[in-house]
Amino acid sequence: MEDRGFDLGRRLEALEDADLRRTLAPVDRVAERGYFAQPSGGDIPVLESDAELVFASNNYLGLTSDQRIQDAARQAAATVGTGSGASRLVTGDTMVHHDLERLLAETKGTDRALAFSSGYAANVGTITALEPDVIFSDEYNHASIIDGCRLSNADVIQYDHCNVPNLRAQLADRADGYPEDESWLIVTDTVFSMDGTVAPLSGICDAADEFGAWVMADEAHATGLYVDGGGIAQAEGVGDRVDVQLGTLSKALASQGGYVTGSDDLIECLVNDARSFVFSTGLSPPAAAAASEALHISRHGDARERLWENVSHLRDGLETMGYDVLGDSQILPIVVGDRETALDLAEAVRERGIVTPAIRPPTVPEGTSRLRIAPMATHSQEDIVACLEAFQEAGEEIGLL
Ligand SMILES: Cc1ncc(COP(=O)(O)O)c(C=O)c1O
């Protein structure tokens with residue numbers, strides 16, 4: 001009989017041969033420090049006996065272990081339920097969803113907000129629901145934007161990373177000879193997670209205004225970290241010029257889920273047409289309540305200030321040692337070149353108790369393998385010094401410094 005199945009063994013071998021096979025290795029808790037296990041496949045993982053310092057998490061404000069947020073999640077589970085039980089459009093819509101959405105809209109200065117079950121779902125659902133004819137997309141945009149672009153069947157035109165003149169040239173090119181009634185969407189991450197770069201949102205909005213396009217900004221790595229708990233749109237004062245502000249609840253907001261904020265009409269359209277909203281169970285009430293509390297804390301507490309102090313201490317220290325640190329955000333990537341050097345550096349810092357996995361192709365372009373260092377607000381000064389010492393010793397050991 002013909003074999004019409006799938007040769008998964010060969011696929012895995014190919015990944016192994018290309019040094020691209022990924023593995024799962026759990027940690028005992030999500031915090032600035034934890035006990036990790038070695039990858040164990042399907043076997044029960046065994047935690048190492050030494051705790052390690054985590055400098056690679058998106059839990060930027062360190063709020064996953066905040067008692068107030070844990071209490072909010074606990075209380076929502078007890079009073080509303082552990083899960084939504086259905087799509088929001090059926091019976092899964094609850095008061096905690098509306099509380100969260102009110103707070104997100106207030107933070108972002110928009111009419112309304114809508115919570116999705118993930119940031120991935122928010123991107124895919126929003127881009128496809130808008131049904132743009134043409135999408136102008138930063139070449140380094142996140143995979144969930146790329147997947148949304150693919151599913152939308154729009155013509156997708158990439159522009160050079162954070163390059164407004166190049167975007168403007170692509171807009172002008174398309175304007176020449178194509179119908180004037182096309183709908184155009186410019187989409188960009190605001191903080192790029194592998195490069196630490198920040199999108200030039202004002203310039204992008206200027207270009208959009210010139211050609212009548214809409215702007216959609218993915219604030220996944222910025223939400224909660226800037227002015228009054230907002231993102232780059234708030235930091236640059238262009239919230240009212242960005243048509244779709246989107247993000248995730250899973251990074252600084254220490255929870256799970258995604259969101260979109262914008263006009264009343266935008267949100268009403270998404271409620272009706274975003275398939276990842278309509279045909280997916282509502283965000284779980286504990287996740288919604290945790291995100292609301294985290295957003296409140298990020299707006300009114302001192303966590304943001306502590307994060308930015310740690311970022312500046314760590315960036316200064318790494319640069320003083322001679323590392324070239326990319327970007328202008330809380331993400332501190334150091335590009336070392338080839339995969340082997342990145343793996344060696346990651347291993348050498350790991351031997352010193354610091355977790356910063358190597359980021360290699362295909363996640364980043366060939367020849368730009370890197371370590372992506374992400375401090376948290378809850379790292380102490382001693383933690384930052386331990387991280388710097390590890391990078392100094394490791395860099396010297398493998399001949400980088
Ligand atoms: C820029 C960007 N957008 C969207 C997402 C997806 O968010 P989530 O993890 O909530 O699905 C991520 C996270 O990995 C991201 O980095």
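Helices and strands here are DSSP runs, numbered from the N terminus, with at least four residues for a helix and at least two for a strand. On that basis, Cys162 sits in the loop between strand S5 (155-159) and helix H6 (164-175). The model is predicted. The chain is assigned two parts, domain 1 (67-300) and domain 2 (302-397). This briefing covers the annotation, the contact between the domains and two backbone details.

**Annotation and domains**
- The UniProt record, an unreviewed entry, lists residues 54-390 as "domain: Aminotransferase class I/classII large".
- Helix makes up 44% of residues 54-390, and strand makes up 15%.
- The end C-alpha atoms of that span are 13 Å apart.
- The domain assignment places residues 67-300 in domain 1 and residues 302-397 in domain 2.
- Between the C-alpha centres of domain 1 and domain 2 the distance is 28 Å.

**Contact between the domains**
- Domain 1 brings 18 residues to the contact, and domain 2 brings 16 residues.
- The size of an interface is often given as the accessible area lost when the parts come together.
- Domain 1 and domain 2 bury about 1,300 Å² between them.
- Carbon and sulfur atoms give 53% of that area.
- Met194, Asp195 and Leu225 supply 43% of the area that domain 1 buries against domain 2.
- No other three residues supply more of the area on the domain 1 side.

**Polar and charged links**
- The count of salt bridges between domain 1 and domain 2 is 1.
- Asp195 and Arg370 form a salt bridge through their side chains, with N to O at 3.0 Å.
- Polar contacts between the two domains number 10 residue pairs, with both residues at pLDDT 80 or more.
- On the side of domain 1 that touches domain 2, 8 residues are nonpolar, 7 are polar and 3 are charged.

**Backbone details**
- Cys162 has a positive phi, near 55°, and is a residue other than glycine.
- Pro361 and Pro362 are joined by a cis peptide bond, with omega about 10°.
- Pro362 falls in the loop between strand S12 (358-359) and strand S13 (369-373).

How values were computed: Residues numbered from 1 in each chain as written. Predicted model: local features only at pLDDT ≥ 70, side-chain atom pairs only at ≥ 80, totals over all residues. Heavy atoms only, no water. UniProt positions renumbered as here; feature names shortened; annotations may be inferred. Domains from an automatic or database assignment. Contact = heavy atoms within 4.5 Å. Buried area = accessible area lost by both parts, 1.4 Å probe. Salt bridge = Lys/Arg side-chain N within 4 Å of Asp/Glu carboxyl O. Polar contact = N/O pair within 3.5 Å; in protein donor to acceptor, adjacent residues only side chain to side chain. Nonpolar A, V, L, I, M, F, W, Y, C, P; charged D, E, K, R; others polar.
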